[in-house]
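Here are a few notes to read alongside the structure. Have a look at how the chains meet before going through the points.

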There are 2 protein chains.
Amino acid sequence: MNNVPPLDAFAVNLEIIGRVHTTVPDDDIARTRRELVSHIVVAPRFAEALTGIEAYSQIIVLFWLDRARPSEGWLTHPRGNPDLPLTGVLAGRGRAHPNPVGLAVVDLIARHGNTLEVRRLDAFNGTPVIDIKPYDHFDVYPDPRVPAWFRARLPAPQAT
Amino acid sequence: MNNVPPLDAFAVNLEIIGRVHTTVPDDDIARTRRELVSHIVVAPRFAEALTGIEAYSQIIVLFWLDRARPSEGWLTHPRGNPDLPLTGVLAGRGRAHPNPVGLAVVDLIARHGNTLEVRRLDAFNGTPVIDIKPYDHFDVYPDPRVPAWFRARLPAPQAT
């Protein structure tokens with residue numbers, strides 16, 4: 001191992017690239033996610049940075065979970081289900097990570113100027129978007145290994 | 001569209017979850033990426049948050065590009081190649097995004113306590129890791145649409 005700096009925290013200014021717009025109430029986002037169509041309205045100062053993004057069918061959206069509550073510990077039952085094994089938050093896709101950054105791979109339906117129409121973005125209305133990246137073949141691992149409890153709950157069309 | 005707050009910037013403290021350890025020099029990381037094995041040493045205070053992560057074959061690593069230079073504009077030629085069309089930085093996977101957050105889907109080879117051994121992490125030695133998420137079937141879109149110039153340069157084994 002090499003010499004590396006310490007493991008504390010650091011202060012940064014995050015640019016708000018844009019915000020999520022949806023009429024779906026916060027409490028209904030997770031349940032409706034799979035067919036949910038939202039819009040990301042990108043700040044005009046970053047509109048040029050979208051040039052060419054419409055050539056991609058999917059994008060990765062990073063967003064700031066501004067309504068996440070601080071975690072009371074680093075172990076949770078996945079999906080809040082006490083029948084599932086206690087799991088570290090970094091081994092799950094819940095909201096209670098040390099840094100509240102959300103990540104979703106979404107369908108890019110269309111770009112209208114500085115607005116992106118997307119499907120499957122599980123973010124609340126008004127959520128700040130902090131990064132957008134195109135999804136490409138290097139992000140594809142066709143059949144990842146996952147825990148048994150996760151695989152057992154996969155809907156059939158997603159398992160292929 | 002709903003009423004949403006303004007599109008400026010905001011100050012946050014980011015926790016350093018861990019740091020990347022590699023003996024490969026910065027200038028060789030991109031070239032060697034596909035077979036590169038690195039270690040992520042997670043801060044002891046977050047070690048418990050890794051519980052169960054070894055059940056996944058891939059993880060998504062978010063890291064802070066602490067050596068990225070500020071962009072001089074939002075349009076670039078992909079891979080610095082002037083033969084490729086000018087593209088917005090948010091439509092590319094380069095380092096000059098408005099927020100310097102790197103993202104890599106990597107193979108999780110093994111967990112040794114609070115150290116994760118990974119393959120394909122294109123991050124320099126000492127890079128702060130700000131989030132780790134397990135990769136699962138909802139992240140898989142087997143044949144994404146990408147620009148023609150990208151597809152033409154895909155190595156054959158990645159195209160399937």
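**Notes on the two chains and their contacts**

1. Start with the interface: 73 residues of chain A are in contact with 73 residues of chain B. Keep in mind as you read that this is a predicted model. On the chain A side, strands 1 (9-15), 2 (18-21), 4 (58-64), 6 (87-88), 7 (101-112) and 9 (128-134) each put in at least two residues. Strand 1 of chain A gives the largest share of that side, seven residues. Sorted by class, the side of chain A that touches chain B holds 45 nonpolar, 18 polar and 10 charged residues.

2. How do the two copies relate? Chain A superposes on chain B through a rotation of 180°, with 0.0 Å of shift along the axis and an RMSD of 0.0 Å. The copies are therefore related as by a two-fold rotation axis. The same surface serves both of them, as 100% of the contact residues of chain A recur in chain B.

3. Now zoom in on strand 1. Strand 1 of chain A pairs with strand 1 of chain B (residues 9-15) in the antiparallel sense, over seven bridges. To find your place in the pairing, look for Ala9(A), which sits opposite Glu15(B).

4. Asp131(A) deserves a look too. This residue belongs to strand 9 of chain A. Is Asp131(A) buried or exposed? With 23 other C-beta atoms within 10 Å, Asp131(A) is buried, because 20 or more count as buried. Beyond its neighbours within four places in sequence, Asp131(A) is in contact with Ile17(A) and Leu62(A), and also with His97(B), Asn99(B) and Val101(B) from the other chain. Gly18(A) is 113 residues away along the chain, yet its C-alpha atom and that of Asp131(A) are separated by 8.7 Å.

5. Over in chain B, follow strand 8 (residues 115-119). In a regular strand, side chains alternate between the two faces of the sheet. Here Leu116(B) and Val118(B) point to one face and are buried, whereas Thr115(B), Glu117(B) and Arg119(B) point to the other and are not.

6. Which strands pair with strand 8 of chain B? Strand 3 of chain B (residues 37-42) does so in the antiparallel sense over five bridges, with Val41(B) opposite Thr115(B). Strand 7 of chain B (residues 101-112) is also antiparallel to strand 8, again over five bridges, and there Ala110(B) has Glu117(B) as its bridge partner. Strands 7 and 8 of chain B form a hairpin with two residues between them, and Gly113(B) in the turn has a positive phi of about 60°.

Note on methods: Residues are numbered from 1 along each chain as its sequence is written. Chains are lettered from A and ligands numbered from 1 in the order in which they are written. This is a predicted model: local features need pLDDT of at least 70, side-chain atom pairs count only at pLDDT 80 or more; totals for chains, interfaces and linings use all residues. Copies are superposed by least squares on the C-alpha atoms of residues with pLDDT of at least 70 in both. Two residues are in contact if their C-beta atoms, placed from the backbone, lie within 7 Å. Helices (H or I, at least four residues) and strands (E, at least two) are DSSP runs, numbered from the N terminus. Ala, Val, Leu, Ile, Met, Phe, Trp, Tyr, Cys and Pro count as nonpolar, Asp, Glu, Lys and Arg as charged, and the others, Gly among them, as polar. Two strands pair if DSSP finds at least two bridges between them. A residue is buried if 20 or more other C-beta atoms lie within 10 Å of its own, exposed if 12 or fewer, and partly exposed in between; C-beta atoms are placed from the backbone.
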